[in-house]
Every structure is written in C-alpha cells, then in structure tokens.
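Please open the model in your viewer and keep the selection panel at hand. The tour moves from one selection to the next, and each stop says what is to be found there.

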Amino acid sequence: MATDTAGQKEQTAVYPMVVLFELESLALAGRKRLYDLLKKALAAAGVQVTPALFSRYGLAASAEFAVAGLLEGAGGKGDAAKIGADVAETFAADLAEKVEVVSPVVKLIQAALKKGCAVGAVSALPEERAQAVLARLDLGGDVKLAAHKPTEAVYPRADTWVKLLKSACKSTVPAVAVVSSAASAKAALAAGLRCIVVPDECT
C-alpha cells in the first residue's frame, strides 16, 4: 500500500525555533530607498519630506498609504492615488533589482535555515513582488511569506504575525520576530512572539 511519506514528513517536522522577519525593511535597505522616492515625488506637491515627517507618516502599510498620509499631514496638494501608485511601482522594481542587501540580516536568516529553523517573512509588497525580492536574496531554504493586501491600512498587524507563524510551523516551538519599528514590534508582541528590534535612522 502506497503512503504519502512527503506529507507525513511535513506534518511531523520538528523545528528548533521559528524565525520571522520583515523583508524589505530589514533584509534590504528598503526604507531608505522609499524615503528618497517619497521625497522626490512629493516635492512637486509642495511637501518637503523630512526624516521626522517620514517617521510619522512614511512607515505606513504601503507606499500608497504613506503618500496619502504625507499629503494630508503636510497639507500638500496632489493626486495621492497616482503618486502612490507611481512610487509603489518604482519601489518594488528597485527592491527586486538594485536596493542594497543588508548582509548581516541575510546571514542571520541563512544561519537560521541551516540550523533547521522554520523561517517566514512579512512584506508590505504585493505577493508577486515580494516573491521576486525573496528570489533575489537566494536565502537557500524555504521561506514562508505574508504579503500585504491593498485594503490593509495597518501592516503588519498581530494577526499577520500569527498567520505567518502558523504557516511556517505547525508545532509549538519558540518563535522570534526580527523587526525594525516600534509598531511592528508591538504587533509581534501582541501575537505572542519574542522580538529582536533592529531600528534604522527613521525608527
């Protein structure tokens, strides 16, 4: 009688730990690139994007939400939907091709995979774009992905981390989220995860 050994192996896999991380804001220098794109795009709308203003509105769920928040918060005038879509398109393309890879974070994820840990990434990009970024990193193992949905104004939320955790590992083992901002850390802690916070100049 034939048995589904692959399915059994997946169901009974035991991982020493689960490591979850933010994709474009940690494994790549994505936040700096987004800041530069927003600063250039919104200058024509009368908005001078400063690090302080970006820290308040630019850490949104996506480039589209960031543009809307910056325009409203700074009193700028412009087509938020069009500017946001243009910035999002350029940002995603740059992430997949030329934004700097953050080697220490990538090495951490690669080491976790080599140790047999379950690994998952959370991304504010649409799934197809996020998969392209993952492929570029070539992490050397299976990485589960939680991608952003256009209707979500806050991201990642606690339930985002929970869903990613369940996708990465079916069993109960220690889990840690590597994050870059206080909001992301708060959501991960609310999901019951331990946190390692790696802030940047904007957070």
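Begin by selecting K98, which counts as exposed because its relative accessibility is 59%, where exposed means over 50% relative accessible area, buried under 20% and partly exposed in between, with a 1.4 Å probe and protein chains only. Before going further, note that this is a predicted model, in which local features need pLDDT of at least 70 and side-chain atom pairs count only at pLDDT 80 or more, while totals for chains, interfaces and linings use all residues. Residues are numbered from 1 along each chain as its sequence is written, and side-chain values use heavy atoms, with hydrogens and water left out.

**Salt bridges**

Add D94 to the selection: its side chain meets that of K98 in a salt bridge at 3.8 Å, N to O, the term standing for a side-chain nitrogen of Lys or Arg within 4 Å of a carboxyl oxygen of Asp or Glu. D94, in contrast to the exposed K98, is buried, with a relative accessible area of 6%. If you also select R33, you have a network, since salt bridges that share partners join R33, D94 and K98.

By this rule the count comes to eight salt bridges, and two others deserve a selection of their own. In one of them, E89 and R129 have their closest N and O atoms 2.5 Å apart; the pair links helix α6 with helix α8 across 40 residues of the chain, helices being DSSP runs of H or I with at least four residues and strands runs of E with at least two, numbered from the N terminus. E89 counts as partly exposed at 45% relative accessibility, and R129 is partly exposed as well, at 28%.

In the other, R31 and D200 have their closest N and O atoms 2.8 Å apart, with R31 in helix α3 (residues 30-43) and D200 in the segment after β5, 169 residues apart. Here R31 counts as buried at 14% relative accessibility, whereas D200, at 23%, counts as partly exposed.

**The sheet**

Now select the strands, which form an open sheet of five in the order β3-β2-β1-β4-β5 with parallel pairing, where two strands pair if DSSP finds at least two bridges between them. At the edges are β3 (143-147) and β5 (194-197), each of which pairs on one side only.

Zoom in on β2 (residues 118-123), which pairs with β3 in the parallel sense over five bridges; V119 stands opposite V143, and S123 has A147 as its bridge partner. Which residues of β3 are covered can be checked by colouring the strand by accessibility: four of its five residues are buried.

Helix α8 (residues 127-137) lies across β2 and β3 and runs at about 145 degrees to β3, the angle being taken from 0 to 180 degrees between N-to-C directions of axes fitted to C-alpha atoms, for helices over the stretch in contact.

**The cores**

Finally, select F21, L23 and L139, which touch the most other members of the largest nonpolar core, a set of 48 residues; such a core consists of buried Ala, Val, Leu, Ile, Met, Phe, Trp, Tyr and Cys residues joined through side-chain atoms within 4.5 Å. Helix α6 (residues 80-97) gives the most to this core, with six residues. Apart from it lies another core, of 19 residues, including V18, A61, Y155 and A187.

Note on methods
Contact means heavy atoms within 4.5 Å.
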